[in-house]
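Q: I am new to this structure, so please pick a single part and take me through it slowly, explaining the terms as they come up.

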Amino acid sequence: MKYGAMNFPIKPVLEELEKISGLGFDYLELTLDAPYAHYTKILEMENKLVHALKQHSMGLVCHLPSFVYTADLTPGIREISLKEMIHSLETAARIGAQKAVLHPSYISGLGTLAMKTAEDYAHQSLCTIMKQADHLGIQLCFENMFPNYHSFFDPSHFARIFKEFPDLKMTLDAGHANIDDPGKTKLYEFIQRFSDRIRHIHISDNSGKTDDHARVGNGTVNFKKFIRLLKQSGYDDTITLEIFSPDTKDLVKSRDQIALLVNSA
């Protein structure tokens with residue numbers, strides 16, 4: 001396994017890289033969000049960033065923008081959001097990323113009352129993004145979300161899309177799968193049904209109610225069972241610790257706990 005951590009995009013990227021490298025992580029998951037990690041800012045520092053990654057022997061996974069609206073009912077908002085995605089994907093390729101995480105299109109506003117229309121727009125956007133990822137040689141990893149997101153939070157939602165896009169892979173987010181799942185089975189069902197598609201993992205803990213991004217052990221995710229099933233499925237790839245605590249000790253302790261479970265499973 002390789003273990004990574006994500007930059008906080010309201011802080012300078014090179015400073016975040018230095019911190020994450022100093023904590024002993026194998027790679028940076030670069031979330032391409034404004035203000036400091038918008039693709040325009042990354043292009044301005046392209047040479048410095050590539051040099052810093054090489055200097056610190058750090059790998060790179062990119063996370064495409066989270067706060068855009070590629071399924072919006074308003075054409076202008078939808079079109080500019082899609083352009084942001086494509087430019088970000090192109091930037092990821094320029095700086096050497098071979099893998100990019102993609103959230104499903106966020107359906108909000110009146111879109112929740114016109115789901116079929118919004119879902120059609122989301123599908124059109126995914127087709128465009130997938131085509132560009134193929135062209136650039138980037139492995140696109142589609143992330144599971146949670147019920148309030150209104151799409152792609154249940155394993156059943158992924159069956160059709162994986163059939164349509166044979167090259168589309170998955171980011172399995174353990175924290176997201178734990179939200180509003182009283183039976184605590186959804187996370188394991190993702191592994192059982194789509195082990196051949198999972199190419200990236202996000203790990204954080206929560207109470208099962210909100211996306212807390214808490215440290216491992218501060219919630220209700222059964223990580224011992226999760227890691228055991230993940231290893232049994234043959235997974236041996238990237239794991240990003242999404243622990244959004246002001247204390248970096250929580251991030252490091254979470255990584256070490258997961259690594260211990262991996263090594264003992």
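A: Let's start with one pair of residues: Lys99 has Gln139, in strand E5, as its bridge partner. This is a predicted model, in which local features need pLDDT of at least 70, side-chain atom pairs count only at pLDDT 80 or more, and totals for chains, interfaces and linings use all residues. Residues are numbered from 1 along each chain as its sequence is written, and side-chain values use heavy atoms, with hydrogens and water left out.

Lys99 belongs to strand E4, residues 99-102. Names such as E4 or H4 come from DSSP runs, numbered from the N terminus: helices are H or I runs of at least four residues, and strands are E runs of at least two. E4 runs parallel to E5, which covers residues 139-143, and four bridges join the two. Two strands count as paired if DSSP finds at least two bridges between them.

E4 has another parallel neighbour in strand E3, residues 59-63, with two bridges between them. Here Cys62 faces Ala100 of E4. To get from E3 to E4, the chain passes through helix H4, residues 75-94, in a right-handed β-α-β crossover. Right-handed means that, with the strands pointing away from the viewer, the path from the first strand over the helix to the second runs clockwise. The step from E4 to E5 also makes a right-handed β-α-β unit, with H5 as its helix.

Now look at the side chains of E4. In a regular strand the side chains alternate between the two faces of the sheet. On E4, Lys99 and Val101 point one way while Ala100 and Leu102 point the other way, and all of them are buried. Buried means under 20% relative accessible area, with exposed being over 50% and partly exposed in between (1.4 Å probe, protein chains only).

Follow E5 onward and you reach E6, which pairs with E5 in the parallel sense over three bridges. In this pairing, Cys141 sits opposite Lys169 of E6. Helix H6 completes a right-handed β-α-β unit with E5 and E6.

Strand E6 itself, residues 169-173, has five of its five residues buried, so it is largely enclosed by the rest of the structure. Its two faces are both covered: Lys169, Thr171 and Asp173 are buried on one side, and Met170 and Leu172 are buried on the other. E6 is also joined to strand E7, residues 198-203, by four bridges, and this pair runs parallel. One match to find there is Thr171 with its bridge partner His200 in E7.

Finally, step back to see where these strands sit. The protein chain has ten helices and eight strands in its secondary structure. Its radius of gyration is 18 Å, close to the 18 Å that the globule rule gives for 265 residues, so the chain is as compact as a globular protein of that length. That radius is taken over C-alpha atoms, and the globule rule is 2.2 Å times the number of residues to the power 0.38. Along its principal axes, the C-alpha trace spans about 50 × 50 × 30 Å. Across the 265 residues of the chain, 52% count as buried, and the five residues of E6 are among the buried ones.
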